[in-house]
Amino acid sequence: METQQLNNGLKMPSLGLGVWQSDNGEETINAIHWALEAGYRHIDTARIYKNEEAVGKALATASSVPRDRVWLTTKIWNDDIRQGRTTAALEESLGRLKTDYVDLLLLHWPVDGSTRAWQELERALSAGKVRSIGLSNFMADDLEEILQAGDVVPAVNQIEYHPYLVQSEAIAVCDEHDIVITAWSPLMQGKFLEEPTFAEIGEEYGKTAAQVVLRWCLQNDVIAIPKSVHKKRIVENGELFDFELSEEDMQRIDQLERGHRFGPDPHNFDF
Ligand code: NAD
């Protein structure tokens, strides 16, 4: 499994399994077991996905891969940030995940109270409850606020990122501070199938459209966390390390950018 070097010295696996909209039972447990068998070593959940118990169970029952070989990310939900209960929310997540620590803890969205919440994350880091701390959906201006208020530079910013939405402004600030980008909805929430370019490029390499999109992320030094609960797709999405897209094909995909969001706009959301 390839990794990305973080600004705190840790190496984070470049591919993870996303579990948004997966259930809190067998569906998620099976998906995680299949992913681990296929070589994934990184799981992305959040309190708001309401499946942390299943994620914890899956990791505890994964016979071949011990917990300390898997990168586990979870996130503090907006209401907890607003209510100033980030530390309590982390304890609750650890309880549901049945683990003493997570590898990465993110503030899920930039809401009122984020600066104070960031300071709570810094304390959790000192206390060893989390190995890395970061943000999600923080655009350039929100990011600057955290950088000014905090002592620790975020290790990661998890943002919507795919060929239709590259978010160069947020990425430029992240690059400046050595903050690694993780792509959410890297497969455009399944809509990549409607864009013929990916399958066309895939034919050259004997790869599927999904593999082309995910490989493009990785070659841009962006971590990808595609979601699936189907074994065949989980395996397919994991087979990314035996080919490389040419510069020409990378550029062909770059040209598809159109500032199109499939998810909410971090500057204008109501949750
Ligand atoms: P995604 O872009 O990963 O797309 C997932 C969908 O693509 C699947 O439901 C399925 O319909 C389809 N798909 C997956 N593999 C396929 C394959 N090989 N062939 C054909 N179709 C395939 O969408 P996502 O779930 O929105 O994003 C991935 C993860 O990112 C989430 O599960 C979650 O962990 C994270 N996320 C984070 C935020 C955030 O605010 N931080 C927001 C959304 C998602």
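1. In this predicted model, D44 counts as buried, because its relative accessibility is 2%, which falls under the 20% limit used for that class. The residue is found in strand β4, which spans residues 42-44. Leaving out residues up to four places away in sequence, D44 touches L17, G18, V19, Y49, T73, K75, Q158 and I225.

2. The strand that holds D44, β4, belongs to an open sheet of eight strands with parallel pairing, whose order reads β3-β4-β5-β6-β7-β8-β9-β10. The edges of this sheet are formed by β3 (17-18) and β10 (223-224), each of which pairs on one side only. Among the contacts of D44 are L17 and G18, the residues that bound the edge strand β3, and also T73 and K75, which fall within the range 71-76 given for β5.

3. Within the sheet, the pairing of β7 with β8 can be described in some detail: strand β7 (residues 133-136) and strand β8 (residues 156-160) run parallel and are joined by two bridges. As for individual residues, L135 has N157 as its bridge partner in β8. Q158, which is listed among the contacts of D44, lies within the residue range of β8.

4. One helix can be placed against the sheet, namely α4 (residues 86-97), which lies across both β5 (71-76) and β6 (104-107). With respect to β5, helix α4 runs at about 140°.

5. S22 should be read alongside D44, since S22 also counts as buried, with a relative accessibility of 6%, but S22 lies in a loop, the one between β3 and α1 (26-37). Once neighbours within four places in sequence are set aside, S22 is in contact with E27, T28, Y49, N51, K227 and V229. Y49 appears in this list and is likewise among the residues touched by D44.

6. On the cysteines, the count of disulfides comes to zero. C174 is in no disulfide, and the nearest cysteine sulfur, that of C217, is 15 Å away, whereas a disulfide would require the two sulfur atoms to be within 2.5 Å. C217 is likewise in no disulfide, the nearest cysteine sulfur being that of C174, 15 Å away. As to solvent exposure, C174 counts as buried because its relative accessibility is 0%, and C217 is also buried, with a relative accessible area of 0%.

Methods. Residues are numbered from 1 along each chain as its sequence is written. This is a predicted model: local features need pLDDT of at least 70, side-chain atom pairs count only at pLDDT 80 or more; totals for chains, interfaces and linings use all residues. Side-chain values use heavy atoms; hydrogens and water are left out. Two strands pair if DSSP finds at least two bridges between them. Helices (H or I, at least four residues) and strands (E, at least two) are DSSP runs, numbered from the N terminus. Contact means heavy atoms within 4.5 Å. Axes are lines fitted to C-alpha atoms, for helices over the stretch in contact, and angles run from 0 to 180 degrees between N-to-C directions. Buried means under 20% relative accessible area, exposed over 50%, partly exposed in between (1.4 Å probe, protein chains only).
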